[in-house]
Amino acid sequence: MNTKLLYKFPKTLMNKGSGFLSGYSHTLNPYTGCAFSCSYCYVRQMPVSTFRKQEWGTWVDIKKSAAEVLRKELIREKKKGKVTIFMSSSTDPYQPVEHKEEITRSLLEVMVEIQPDFLFVQTRSPLVRRDIDLLLQLKEKVRVSMTIETDSETIRKWFTPSAPPINARLKTLQILADAGVPTQATIAPILPSSEAFPEKLIGLVDRVCIDDFFMGDGSGGRRTQKLGVSNIYEKIDLNEWYSPDAYKIVYNRFKKMFPEEKIHLSQQGFLPFH
Ligand code: SF4
C-alpha cells in the first residue's frame, strides 16, 4: 500500500499523559498517522483519524522540526518536575519512512543530551535496532517494548498484514537484549497464539505485558466491536479467542515459563520505572 506522506512543522510535540497513560507525564508522537494500519487500531476512531478524509493507514505526517521543538519543551518540562515519556501513543515511532527521515532518531539524540527520567519506547518495528547506540546511553531510564500479539505469522497476516513479520520482531528483541537494552514483549492485543509462544521469548525480554481488547481499549471492548474485528475471528473460525477470558489462555501459558512478577496485565505493563 502506498502511504501518502506530508511534512509538518508542529509548534508543540509533548502532550500530557492521560487516561490509560496517566502514569506518564507526557506522550510523544514523532509522526501522525501510521502505515502499519492494524485492523484493530482504535486510533482509527479518534479525532486525529476521523477529521481526515483519507483512510487510516494510508497517510503519515512527518514532524520535520521535531528535534528543536522537543529540546525546548524538555528543558522547560524538566524544570517543573519528573518527566516520563511514552513514545508513541497514537502512531509507531518506527514508521517505514523513519529509515529515511530519522525523526525518532533525532528525538532520541535530544533525549540522550537532555535526559527524561524515563522513556518507554513502544514499537513493532525491527528498525528500533538501528538506534541501539542511543538507547544504551539512556541506560536504565529506557525500556523498549516490542508489540508481539501472537507467534503465528498466519494470524499476524489476518489482523495486521502491513506490520513487520513476527520473526523479525523476535530477532530484534534478541539483538536489543544482547546489547543490554531493557526489553519487554507486549502481547497486546492478544491474538490467537500457540503453546510454544512463551518459550520463544525466554532470554529475549525482562518482562511481559499481556493485554486484550476488553481491558485495554479504554471502553471495555466497545471501540473494538465498532471496528468489526470480530469478523476476522469468524472468518478464521477462532471465535473462542475473542472473549474477555481469552487472555487467561496466554497468561497461564506464560506462567509456566516466566516468574509471575515478570508478567503484567494491561495498564500495569505500560507503567514507567518497572
Ligand atoms: S502500529 Fe499502533 S498506531 Fe499503528 S496502526 Fe497499529 S495499533 Fe495503530
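**Exercise 1. Which helices and strands each supply at least two residues of the lining of the largest pocket in this predicted model?**

Solution.
- Start with the strands: strand 2 (14-16) and strand 4 (31-32) each supply at least two lining residues.
- Add the helices: helix 1 (47-50), helix 9 (213-216) and helix 10 (222-227) do so too.
- Now the volume: the largest pocket holds about 1,200 Å³.
- Find the centre: of 48 lining residues, Y42, V43, S88, S89 and S90 are the closest to it.
- Sort the lining by type: 21 residues are nonpolar, 19 polar and eight charged.

**Exercise 2. Where does the ligand sit, and which residues surround the ligand?**

Solution.
- Place the ligand: its site is the largest pocket.
- List the shell, using a cut-off of 4 Å between heavy atoms and the ligand. The residues are C34, F36, S37, C38, C41, W56, T91 and R124.
- Sort the shell: five residues are nonpolar, two are polar and one is charged.

**Exercise 3. What is the strand order in the open sheet of three strands, and why is one side of strand 1 and of strand 4 left without a neighbour in the sheet?**

Solution.
- Read the order: the strands run 1-5-4, and the pairing is mixed.
- Look at the edges: strand 1 (4-8) and strand 4 each have a single partner strand, so one side of each has no neighbour in the sheet.
- Check one pair: strand 1 and strand 5 (residues 59-63) run parallel, joined by five bridges.
- Pick out one position: K8 lies opposite K63 of strand 5.

Methods:
Residues numbered from 1 in each chain as written. Predicted model: local features only at pLDDT ≥ 70, side-chain atom pairs only at ≥ 80, totals over all residues. Heavy atoms only, no water. 1 Å grid on protein atoms, 1.4 Å probe; cavity = no way out; pocket = protein on both sides within 12 Å on 5 of 7 lines; lining within 4 Å. Points joined across faces, edges and corners; volume = space filled by probe spheres on them. Helix = DSSP H or I, 4+ residues; strand = E, 2+ residues; numbered from the N terminus. Nonpolar A, V, L, I, M, F, W, Y, C, P; charged D, E, K, R; others polar. Near = heavy atom within 4 Å. Sits in = over half its atoms within 2 Å of the grid points. Pairing = 2+ DSSP bridges.
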